[in-house]
Amino acid sequence: MSEYLVIDNLTKVYQTAKGPAVIVKDFNLRIKQGEFVCLIGHSGCGKSTVLSMVAGLNEISGGGIILAGKELVGPGPDRGIVFQSPCLLPWMTAFENVMLGVNQVFYTASKVERRQIAEYYLSVVGLADAMDKFPAELSQGMRQRAGIARAFALAPRMLLLDEPFGMLDSLTRMELQQVLLELWRKNKKTALMVTHDVDEALFLADRIVCMTNGPEAEVGETVEVPFPRPRERKAVLEHPEYYKLREQLITFLEERAHRKSGAGASPGPTTPISTSRNNRKEFSKPTLVVTSTKP
Amino acid sequence: MMPFLEIKDVSKSFAGNSVLRDINLSIEKGEFVAIVGYSGAGKTTLISLVAGLLRPDAGALTLNDLEITEPGPDRGVVFQNYSLLPWLTVYENILLAVEQVSPNWSATKKQQYVQEHIELVNLGPARDKRPGELSGGMRQRVSLARALAMNPQILLLDEPLSALDALTRATLQNEIERIWERDRKTVVLITNDVDEGILLADRIIPLSAGPGATLGPSIPIDIPRPRDRKALNHEPRYQKIRREVINFLLGEGGKKHTVVARKLVLPEIEPEDLSAPRTLAGGKRRAVRRSEIKSEPVEVDG
């Protein structure tokens, strides 16, 4: 079986006061086992909607999703999710946050083994000395490290990453991309990541799927990333194809942005970026469309 | 020619923790310099020293040959968090600065001058709104207009765009370049975005990660303006500068990680299917070791 995740004619429609709003229409994507795919597009284009449907956190209006030969219904621990805001429980330490899921998924294992799993992943992401700290005592970057450890610790079939580094500054982001790539290399997890950072996509992905702007978002362009693995930032930046692909992707994003909103004339696009929208269910989603259709 | 802003052997510690050490920097009049570094490295400390909000432990800072000892209107600062007065409108926020700097102007002149700056940053329609009614990008425009309205000798931008989303950031980068082209003020831009630095500045200098951060090599950006974000990608000089800065920040100027040897064990257990019943007729379930799994579908590439 070469296709591990199959997304077939995926469609999302919201019923709004102004009638049905089609966010995603006939979205098709096939991901092989062990492949790292990045989904890029502008804020509000519907890429997070696709991801949340794969995560089972958002109802599917049409089409279907098959993971490892089974149709997905609802959320489950077979998909490890890393959200934009790390979503750690504030009254638990980093270790306890990871253990929460580990205790569920590995309930047949001994207590020692479960601890070992949590300790292993927290150490690998660089939190060996900070496991017993509470989220409030951790920097934004460290919280996101804990979020990554939590996702991997569940030994999921696949990883879903929803702009995991979107809230970090660009240098911390590079550091964490390295951490993620290292873990991914060891585990060879199939991964689907949503981002709007072109450099991030080029560094991490085997394949980059560009989404057209919503409403009725679908797959626009697909770019195969030719850089050899294991990847090292320096080598990737020196690869002769790097800036060519970078320009191609930036061009795609810019043209889509301009076609939609005619940005630039108004004093800055004012679409608020809600940091918590990714972990909510569908209630907060329609606002994305409503704001994007404003003049 | 004497440098316009000179920072000489400056060090700063807080409670015994070294934040900045051996900072040396000379900036010419009319130059646009970008300093790029990690959050927490001490970038804001550096700008606060130039602004006169902090005093160095060692070394000296001079602006126009005069030592910087306190804040003054000759240095306009734009902060990441806008720092606007929430109970004043856009107009009033800017007027406040103008009244401090030019108290002797007539009311009409002040009014005209404020209006001019509001239009400079394209905020005409939002003139009478309060900060709470504005988006992040618009608030930062107000903050920029306020700093410019003081007609400072040097403009200090402390991560002005870091809190904004990518699209708004790009729009405001273009604005900053346009405004800078107009009167070519001396600018120090602090940022964590290498691309932003290269797009805007004449010179980019990486600041190494703390503790004890110091400036790395100063790299001139000899790329003609206006620079186009897209076209830069096939500009070999851009690629080279970008590589140099990133390599410095991730390499020798990067964070020093202490490596602790620790024995880690990852038990070879498969996760349970939580949709299956937890107890079987035979009694309690046992964890499945990976080694016990007879066959596993393996994907062979190529």
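**Exercise 1. Find which residues of α3(A) meet which residues of α4(A), and describe how the two helices cross.**

Solution. Begin with the residues: in this predicted model, Ile117(A), Ala118(A), Tyr121(A) and Leu122(A) of α3(A) meet Ala146(A), Ala149(A), Phe152(A) and Ala153(A) of α4(A). Here two residues are in contact if their C-beta atoms, placed from the backbone, lie within 7 Å, and helices (H or I, at least four residues) and strands (E, at least two) are DSSP runs that are numbered from the N terminus.

Next, sort these residues by class, where Ala, Val, Leu, Ile, Met, Phe, Trp, Tyr, Cys and Pro count as nonpolar, Asp, Glu, Lys and Arg as charged, and the others, Gly among them, as polar. The contact of α3(A) with α4(A) then has eight nonpolar, no polar and no charged residues.

Then turn to the geometry, for which axes are lines fitted to C-alpha atoms, for helices over the stretch in contact, and angles run from 0 to 180 degrees between N-to-C directions. The axes of α3(A) and α4(A), the latter covering residues 140-153, come within 9 Å and cross at roughly 135 degrees. That angle makes α3(A) oblique to α4(A), because angles under 35 degrees count as roughly parallel, over 145 as roughly antiparallel, 65 to 115 as roughly perpendicular and the rest as oblique.

Finally, α3(A) passes α4(A) in a right-handed crossing; a crossing is right-handed if the near helix is turned clockwise from the far one by less than a right angle, and left-handed if anticlockwise.

A note on the labels and limits: residues are numbered from 1 along each chain as its sequence is written, while chains are lettered from A and ligands numbered from 1 in the order in which they are written. Since the model is predicted, local features need pLDDT of at least 70 and side-chain atom pairs count only at pLDDT 80 or more, whereas totals for chains, interfaces and linings use all residues.

**Exercise 2. Decide whether Gly141(A) and Lys25(A) are buried or exposed, and list what each is in contact with.**

Solution. The rule is that a residue is buried if 20 or more other C-beta atoms, placed from the backbone, lie within 10 Å of its own, exposed if 12 or fewer, and partly exposed in between.

Gly141(A), found in helix α4 of chain A, counts as buried because it has 22 C-beta neighbours inside 10 Å. Leaving aside neighbours within four places in sequence, Gly141(A) is in contact with Leu168(A), Thr172(A) and Leu176(A).

Lys25(A), which lies in strand β2 (residues 19-31) of chain A, also has to be called buried, because 20 C-beta neighbours are found inside 10 Å. With neighbours within four places in sequence again left aside, Lys25(A) is in contact with Thr11(A), Glu216(A), Ala217(A) and Glu218(A). The C-alpha atoms of Lys25(A) and Lys12(A), which are 13 residues apart along the chain, are separated by 6.6 Å.

**Exercise 3. Work out how many residues of chain A are in contact with chain B, and what the side of chain A is made of.**

Solution. First count: 46 residues of chain A are in contact with 43 residues of chain B. Among the elements that give two or more residues to this side of chain A are α2 (94-105), α5 (170-187) and α8 (242-261), and α8(A) gives the most, with seven residues. By class, the residues on this side divide into 21 nonpolar, 16 polar and nine charged.

**Exercise 4. Locate the cis peptide bonds at Pro230(A) and Pro226(B), and the positive phi values of Cys87(A) and Asp22(B).**

Solution. In chain A, the peptide bond from Arg229(A) to Pro230(A) is cis, with omega near -5 degrees, and Pro230(A) has its place in the loop between β10 (219-224) and α7. In chain B, the bond from Arg225(B) to Pro226(B) is cis, with omega near -10 degrees, and Pro226(B) lies in the loop between β10 (219-220) and α7 (236-250).

As for phi, Cys87(A) is a residue other than glycine with a positive value near 55 degrees, and Cys87(A) is found in the loop between β6 (79-82) and α2 of chain A. Asp22(B), in strand β2 (residues 17-27) of chain B, has a positive phi of about 45 degrees although it is not a glycine.
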